Every structure is written in structure tokens, then in C-alpha cells.
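Student: Please take a close look at a single part of this model and follow its pairing from one side to the other. Then set that part in its context.

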Amino acid sequence: MLEKLSALEQQALEALEGITEEQALEAWRVAHLGRNAPLMQVFSALATLPREERPLVGQRANQVKTRLEQAFAEKQRQLKEAWLARTLQAERLDVTLPGRRPPLGRLHPSTQQLRRVLSILAEMGFQVFTSREVETDEYNFQLLNIPPHHPAREMQDTFYVDAGLKDDTYNWVLRTHTSPGQIHAMRYFAALNPQDPPPIRIALPGMCFRYEQITARSEIQFHQVEGLVVGHHVTFSDLKGTLVDFCRRMFGQEARVRFRPSYFPFTEPSAEVDVECFVCGGKGCSVCKYSGWLEILGAGMVHPVVLQNGGYDPQRYTGFAFGMGPERQFMLRYRVEDIRFFWSNDLRFLEQF
Ligand code: PHE
């Protein structure tokens with residue numbers, strides 16, 4: 001019996017040796033320490049042994065059982081440790097690696113340029129005044145001294161809006177420029193003190209729409225930033241100084257600026273402003289179409305009729321206004337050759353800025 005116990009012990013320990021995983025270990029426990037294990041049968045058989053053999057065999061059987069239990073516990077510990085080591089290795093993190101940056105969006109080129117224009121104007125004392133994109137014919141044209149048969153009103157230039165209203169007192173349009181904001185602003189400020197309206201120095205940014213053939217040079221929608229200054233003794237020199245200063249801040253201190261006489265119904269006199277081509281330095285190149293100059297804005301002294309329509313007495317007030325296109329400026333600054341890039345949502349374009 002004692003020999004049998006030793007054989008059982010040795011056999012069990014040998015079997016344990018080769019075990020490398022939890023499942024096999026459990027099977028081993030059932031086989032060697034479970035209720036039906038040969039060792040347990042030895043315990044059951046104790047009663048059948050001659051009385052004098054019992055203590056010795058019992059003692060030995062207990063010894064083997066303890067030995068196997070210890071070996072089992074030790075094996076269990078080893079397996080757990082090995083598992084832990086493997087897991088740690090597999091899930092190892094290099095905490096010295098730089099983090100992954102979440103992909104960030106960016107501002108649209110139009111917005112970037114719009115903000116640049118507005119921040120320069122803000123430095124010069126202009127506050128932002130926003131107004132509507134859907135306008136009445138009255139605000140978009142009539143109050144700006146654009147007579148009924150002015151070419152700018154022709155169908156090919158203007159999007160007319162079918163408002164679906166029974167009352168068609170108004171002809172609704174998508175604004176073709178930000179100039180109607182001049183009237184809204186003047187009326188707003190004049191209403192604050194009708195007898196003595198306050199001076200105005202504002203920038204009016206916003207989207208404009210024109211019913212045009214879309215080409216590399218013209219889009220059906222684009223931004224404008226309008227400037228409006230109204231007060232006592234505002235002169236053309238103020239207009240000139242303001243715009244020259246603006247151009248230098250926008251295009252560099254060296255930028256040369258030129259004023260050309262022009263015509264707008266809502267300003268008198270009117271001018272168009274060019275900056276010296278910063279691509280060729282005025283020598284002539286394809287960007288400035290070999291003229292040496294780039295046209296960047298329209299401007300003029302606010303027409304007396306327009307002042308009047310805004311609630312400012314043209315006898316007592318004068319003013320100047322200007323309008324510019326951020327997309328156009330952006331195209332000149334970065335030599336973007338096709339205005340259609342702005343609204344085509346092509347990431348290859350947008351990601352460059
Ligand atoms: N509204 C004019 C345009 O869209 C620009 C302009 C604004 C001209 C203000 C003079 C004064 O072309």
C-alpha cells in the first residue's frame with residue numbers, strides 16, 4: 001500500500017510537471033485530488049486494512065495528499081504569474097510616445113480672410129453691423145438710388161425670391177451687395193436720436209448673391225465687407241486716408257494704392273481702388289493682366305439721396321462708403337486661380353490654408 005502511494009505521488013507530480021494551462025491543471029486536480037482519485041480511494045480503503053497498518057498508511061496518504069495540494073497550489077501560482085507576464089507584455093504601452101493629436105478642422109479660407117478684414121477694420125475703429133441676406137427690392141436698389149431701369153436690376157444679375165406670400169407689396173431678392181446694410185444701419189442709428197443722429201463707423205460683412213454664369217472669375221455667391229462712415233465734416237480725404245491705411249495693413253506697409261474715378265449710383269463722387277500688384281511689384285504679370293495693378297474695392301462719398309433715405313440730413317452730414325470682396329483678396333494673396341474652389345468643398349484645396 002505504501003508503495004502504491006509513492007507510485008501515485010510520483011505519477012501525479014510528473015503529470016503536473018508538463019502542465020502549462022489552467023484547463024489542464026483543473027483536469028489534473030480532478031484526476032489526482034478529486035473525489036474519485038486513486039488517492040481518495042486509498043482513504044476509503046483504510047477501513048479494510050489490518051488495524052496495525054492503518055496508522056502508517058493513513059499518515060502516508062495524508063502526506064501525499066498534502067504534498068499534491070502544495071504542488072497544485074504552487075503550479076497554480078506559476079500559471080497565474082506566467083499569464084500576467086504574457087498579458088503585460090501584450091498590452092505594453094510606451095508611455096514615452098507622443099500622444100495622437102485629434103484631427104482638427106480649420107476655418108474656411110473665406111472666413112479666414114473675412115476675419116482678417118474685420119480685425120484690421122476693428123483696429124481702425126470700425127464696429128461690425130450685420131444685416132439680412134434676403135432683402136426687398138427697395139433696400140437692395142431703390143433706397144440706394146438705383147433707378148428702376150438701372151442695368152444692375154436686370155434679371156441676369158439678381159435672384160428674385162418667391163416668398164409665397166399673398167401680400168406681394170415687396171419684391172424679395174437675395175442681396176446683390178452689402179450696401180443695403182447702409183440703409184438699415186443709418187435708420188437704426190438715426191432712430192436712436194432722430195433730431196441729432198449719432199456718427200457712424202461700421203463694417204458690414206455678409207454673403208451676397210448674383211444670378212450669373214459660374215466661371216473661374218465669377219460665382220453666384222460671395223462675401224462682401226462694406227464700410228460706412230457718417231458724421232459731420234467727413235471728407236473724401238478721410239475716405240482716401242482710411243483706404244490707403246487699410247491697404248497697407250492688409251497688403252504690407254510698402255503697398256502702393258491708386259484711386260480711379262468710377263461710378264456707383266449710391267456714391268458721388270465714386271472711385272475704384274487698386275493696389276500695386278504684389279506678385280510682380282507693378283512690372284506686369286499674368287495675375288494683374290500686365291497692368292501692374294489689382295482692383296480690390298469700390299468706394300465713394302455717400303450720395304445725398306442715400307443719406308436722406310437713411311435719416312441723415314445731407315445738409316448737416318456727409319459720409320463715405322466702400323465695399324470689398326474677401327474671396328477676391330484671398331485669391332490675390334494666395335494666387336488662387338479659380339473662384340469655384342471656394343464653394344466646391346474639395347479638401348485638397350481647403351487643407352492648404
Ligand atoms: N456695392 C458695390 C458693389 O457691390 C461696392 C461699393 C460699396 C461701392 C460701397 C461704393 C460704396 O460693387
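**Sheet pairing**

Tutor: In this predicted model, the bridge partner of valine 128 is alanine 203, which lies in strand 5. The neighbouring register is given by glutamine 127, whose partner in strand 5 is isoleucine 202. These pairs belong to the contact between strand 1 (residues 127-128) and strand 5, where two bridges are found and the strands run parallel.

Strand 5 covers residues 200-209, and nine of its ten residues are buried, so the rest of the structure largely encloses this strand. Strand 5 also pairs with strand 6, here in the antiparallel sense and over ten bridges. One position in that pairing is proline 205, which stands opposite valine 225 of strand 6.

Both contacts are part of an open sheet of seven strands, ordered 1-5-6-10-9-8-7, in which the pairing is mixed. Strand 1 and strand 7 (257-264) are the edge strands, each pairing on one side only.

Further along the order comes strand 10 (residues 318-324), which is joined to strand 9 by five bridges in the antiparallel sense. Within that contact, glycine 298 faces glycine 323 of strand 10. Strand 9 then meets strand 8 (residues 267-276), again antiparallel, with eight bridges between them. Here serine 270 stands opposite glycine 300 of strand 9. Strand 9 spans residues 293-302; it is largely enclosed by the rest of the structure, because nine of its ten residues are buried. The burial count of strand 9 thus reads like that of strand 5, nine of ten in each case.

Side-chain packing is the next point. The largest nonpolar core has 36 residues, and the members that touch the most others are Leu121, Val225, Leu243, Phe246, Leu297 and Phe322. Two or more residues of this core come from each of helix 5 (109-123), strand 6 (221-231), helix 8 (236-251), strand 8, strand 9 and strand 10. Helix 8 supplies the largest share, seven residues. Val225, one of the core members with the most contacts, is also the residue opposite proline 205 in the pairing of strand 5 with strand 6.

A second sheet can be set beside the first. Three strands form an open sheet in the order 2-4-3, with antiparallel pairing. Strand 2 (134-136) and strand 3 (160-161) are at the edges with a single partner strand each, so one side of each has no neighbour in the sheet. Two bridges connect strand 3 to strand 4 (residues 172-174), which pair in the antiparallel sense. In that contact valine 161 stands opposite tryptophan 172 of strand 4.

As for the chain as a whole, its domain assignment lists domain 1 (2-90) and domain 2 (109-350). The centres of these two domains, taken over C-alpha atoms, are 94 Å apart.

The empty space described next is lined by residues with lower numbers. The structure holds one cavity of 30 Å³ or more, and the space in the largest cavity is about 50 Å³. Its lining consists of Leu8, Ala12, His32, Pro38, Leu39, Val64 and Leu68. Helix 1 (2-17), helix 3 (38-45) and helix 4 are the elements that give two or more residues to that lining. By class, the lining has six nonpolar residues, one polar and no charged.

The second largest pocket contains about 160 Å³ of space. Thr20, Glu21, Glu22, Gln76, Leu79, Lys80, Ala82, Trp83 and Arg86 line this pocket. Helix 4 (residues 54-90) provides the largest share of the lining, six residues. The class count for this pocket is three nonpolar, two polar and four charged.

One of the lining residues, leucine 79, is located in helix 4. Leucine 79 counts as buried because its relative accessibility is 12%, and the cut-off for buried is under 20%. The C-alpha atom of leucine 79 is separated by 42 Å from that of arginine 51, 28 residues away along the chain.

Note on methods: Residues numbered from 1 in each chain as written. Predicted model: local features only at pLDDT ≥ 70, side-chain atom pairs only at ≥ 80, totals over all residues. Heavy atoms only, no water. Domains from an automatic or database assignment. Buried < 20%, exposed > 50% of the residue type's maximum accessible area, 1.4 Å probe, protein only. Helix = DSSP H or I, 4+ residues; strand = E, 2+ residues; numbered from the N terminus. Pairing = 2+ DSSP bridges. 1 Å grid on protein atoms, 1.4 Å probe; cavity = no way out; pocket = protein on both sides within 12 Å on 5 of 7 lines; lining within 4 Å. Points joined across faces, edges and corners; volume = space filled by probe spheres on them. Nonpolar A, V, L, I, M, F, W, Y, C, P; charged D, E, K, R; others polar. Core = buried A, V, L, I, M, F, W, Y, C linked by side-chain atoms within 4.5 Å.
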